[in-house]
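I opened my notebook to look up how the strands, helices and empty space are arranged. My entries follow.

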Amino acid sequence: MSNADELLVDVAAIVESEQSNQMSLTVVTGGAVITGRLAPEAVWRQRVSEILRDSDRLGPFAGVFTADEAQDRPDRGGPPTHLHFHVARILQGSMGIPETGGMYRVAIKDVSGWTVGDFSYSDS
């Protein structure tokens, strides 16, 4: 079991406290490179819930992600344990998947490397 990078935990804590979604980050986790912007967990959960609610097949899962339920969890109050990416892509070769960006949740303890900023793509 790896230990969480304290500096990365501090970055996540600032995102959580400021309710900001402008911090761009690129992480390496489990051999994958994920790049995008961080969002506070409550904002991320709400957005995922909205996306699921709009789906005929996945609508029943929307309630699991609601922010109100997240606040009732007993582990609240400690340092963040996860990064919540939105407008994020998994880098593969010269492209990002999905092209439009996705919603990813990454355990901070599983991040083996990271840098501030995200990667953009061009056809040149």
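**Sheet, helices, cavity**

I looked up β1 (residues 24–29) and β2 (residues 32–38) and found that they run antiparallel, joined by six bridges. I take strands (E, at least two residues) and helices (H or I, at least four) as DSSP runs, numbered from the N terminus. Two strands pair if DSSP finds at least two bridges between them. Leu 25 stands opposite Gly 36 in β2.

I noted that this is a predicted model, where local features need pLDDT of at least 70 and side-chain atom pairs need 80 or more, while totals for chains, interfaces and linings use all residues. Residues are numbered from 1 along each chain as its sequence is written, and side-chain values use heavy atoms, without hydrogens and water.

Next I traced the open sheet: five strands in the order β4-β3-β2-β1-β5, with antiparallel pairing. β4 (95–107) and β5 (111–116) are at the edges with a single partner strand each, so one side of each has no neighbour in the sheet.

Then I checked α1, which lies across β1, β2, β3 and β5 and runs at about 60° to β5. Angles run from 0 to 180 degrees between N-to-C directions, with axes fitted to C-alpha atoms, for helices over the stretch in contact. Contact means heavy atoms within 4.5 Å. Helix α2 (residues 41–53) packs on the sheet and touches β3 and β4, at about 125° to β4.

Last, which residues line the largest cavity? I listed Ala 12, Val 15, Glu 16, Leu 38, Ala 39, His 82, Leu 83 and His 84 (a cavity is a set of points on a 1 Å grid over the protein atoms alone where a 1.4 Å probe fits but cannot get out; lining residues have an atom within 4 Å of a point).

Technical notes: On a 1 Å grid over the protein atoms alone, a cavity is a set of points where a 1.4 Å probe fits but cannot get out, and a pocket is an open set with protein on both sides within 12 Å along at least five of seven lines; lining residues have an atom within 4 Å of a point.
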